[in-house]
Amino acid sequence: MNEIFEAIKTSAIRIKEAIEFDDTGYSKNQNATGDTQLKLDIKSDIIIEAEFKKVDSIKEIISEEKEDKTPLNKHGKWLIGYDPLDGSSLVDVNLSVGSIFGIYEGDYSGKNLKASVYVVYGPRVELVIATDCVKMYRLNKQNEFVFIKEIKLNEKGKLNAPGGTQKNWEAKHKEMIDSIFKDGYRLRYSGGMVPDLHQILLKGGGLFSYPATSDVPKGKLRMIFEVFPFAFVYEKAGGGAIDGKNRLLDLTPSHPHDTSPCFFGSNQEIERVKRVYG
Ligand code: P6P
């Protein structure tokens, strides 16, 4: 699997340059879920696909930016679901964005996710690899990713990242979020899933939520490309990841672009969600 991690590192360096210097305008195309694609979305996807095509152990890839799967090597072992540049619309207001990768074996169900990787393009470029544990690397002056530390969540944190349009939250969700703030948690929400979840991991814990709402009753975030990879990271870092009732990694999408309500956090915060949603 190391050859996949190396391909992601190479992609990340090229995507960093595209973010810094390329056109952040919209293309004339739409992705599989109807979002108008930014030129950066398309360029990031092209960069990643080109690097993955060099890796013989990859059987197939599927991108959030494409409707269908792309077969690569008939005898390959791994399936990769990825979001090439999540939160890309934040680039033109100079906020952090990220790439997310789920490495699956057999199919794209949560139980068959074997590793996940994400990259944060922020003031610094950081890469996190989750296998049996969660390791963070940072890009240095020589364009090398240097190991920084292992990431572990505390049992209880201090940050609260409440996603979704608040006027469309269910009453029980609003009550839960309000009570978390009443307990002194700090609001940390940029609208970028990767930096928002990265911050909670690095600051020791808390809760990120993107619930079912009246406008997106199945949630907004995609299971294969976004939700499963971060669920894997949070569990391996000692926390939890649920859809309100179920463990997210116990779920199986019926369509590659299926979404799910999602809650990622330290164990005490996840228990709090279960008491409200369970
Ligand atoms: P909202 C970015 O578009 C994204 O897919 C995630 O990165 C982020 O967590 C979410 O949408 C933000 O959505 O509805 O809160 O703006």
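Which residue's side chain meets that of Lys 152 in a salt bridge? In this predicted model, the partner of Lys 152 is Glu 150, with a separation of 3.4 Å from N to O. The two ends of this bridge differ in exposure class: Lys 152 is exposed, with a relative accessible area of 57%, whereas Glu 150 is partly exposed at 37%. The overall form of the chain is described next, followed by further salt bridges, two helices with many buried residues, and two single positions.

The protein chain contains six helices and 15 strands. A compact globule of 278 residues would have a radius of gyration near 19 Å, and the value of 18 Å for this chain agrees with that expectation. Along the principal axes, the C-alpha atoms fill a box of roughly 50 × 40 × 35 Å. Buried residues make up 56% of the 278. When contacts between residues at least 6 apart in sequence are considered, 59% of them join residues at least 24 apart. The area exposed by the chain is about 12400 Å², of which carbon and sulfur atoms supply 48%.

Charged residues comprise 39 positive and 40 negative charges, and the mean positions of the two sets lie 4 Å apart. The count of salt bridges comes to 19. One of these lies within a helix. Glu 6 pairs with Lys 9, and their closest N and O atoms are 3.1 Å apart. Both residues belong to helix α1, which spans residues 2-21, and they are separated by three residues, about one turn of the helix. An α-helix has 3.6 residues a turn, so residues three or four places apart point the same way. Glu 6 is partly exposed, with a relative accessible area of 43%, while Lys 9 has a relative accessible area of 16% and is therefore buried, the limit for that class being under 20%.

Another salt bridge joins Lys 43 to Asp 22, with 2.6 Å between the closest N and O atoms. This pair links distant parts of the chain, 21 residues apart: Lys 43 is in helix α2 (residues 39-52), and Asp 22 is in the loop between α1 and β1 (26-30). Lys 43 is partly exposed, with a relative accessible area of 38%. Asp 22 also counts as partly exposed, at 27% relative accessibility. Salt bridges also form a network, in which Asp 35, Glu 64, Arg 222 and Glu 226 are linked.

Glu 226 of this network is also among the buried residues of helix α5. That helix covers residues 223-236 and is mostly covered, as 12 of its 14 residues are buried. Besides Glu 226, the buried residues of α5 include Met 223, Ile 224, Phe 225, Val 227, Phe 228 and Pro 229. Phe 230, Ala 231, Phe 232, Val 233 and Tyr 234 are likewise buried in α5. The helix is followed by Gly 238, which has a positive phi, near 100 degrees.

Helix α4 (residues 193-202) is largely enclosed by the rest of the structure, because eight of its 10 residues are buried. Its buried residues are Met 193, Val 194, Pro 195, Asp 196, Leu 197, His 198, Ile 200 and Leu 201. A glycine with positive phi follows this helix: Gly 204, with phi near 95 degrees.

Two further buried positions were examined, one in a helix and one in a strand. Ser 11 lies in helix α1 and counts as buried, at 1% relative accessibility. With neighbours within four places in sequence left aside, Ser 11 is in contact with Ile 47, Ile 48 and Glu 51.

Gly 102 is placed in strand β6, which runs over residues 97-105. Its relative accessible area is 0%, so Gly 102 is buried. Residues up to four places away in sequence not being counted, Gly 102 touches Leu 79, Ile 80, Gly 81, Leu 113, Ala 115 and Pro 229. Pro 229 is one of the buried residues of helix α5. By C-alpha atoms, Gly 102 and Gly 239 are separated by 18 Å, with their places 137 residues apart along the chain.

Definitions and conventions
Residues are numbered from 1 along each chain as its sequence is written. This is a predicted model: local features need pLDDT of at least 70, side-chain atom pairs count only at pLDDT 80 or more; totals for chains, interfaces and linings use all residues. Side-chain values use heavy atoms; hydrogens and water are left out. Helices (H or I, at least four residues) and strands (E, at least two) are DSSP runs, numbered from the N terminus. The radius of gyration is taken over C-alpha atoms; the globule rule is 2.2 Å times the number of residues to the power 0.38. Buried means under 20% relative accessible area, exposed over 50%, partly exposed in between (1.4 Å probe, protein chains only). Contact means heavy atoms within 4.5 Å. Accessible areas come from the Shrake-Rupley method with a 1.4 Å probe; for residues, only the protein chains shown count as cover. Lys and Arg count as positive and Asp and Glu as negative; His and the chain ends are not counted. The place of a charge is taken as NZ of Lys, CZ of Arg, CG of Asp or CD of Glu. A salt bridge is a side-chain nitrogen of Lys or Arg within 4 Å of a carboxyl oxygen of Asp or Glu.
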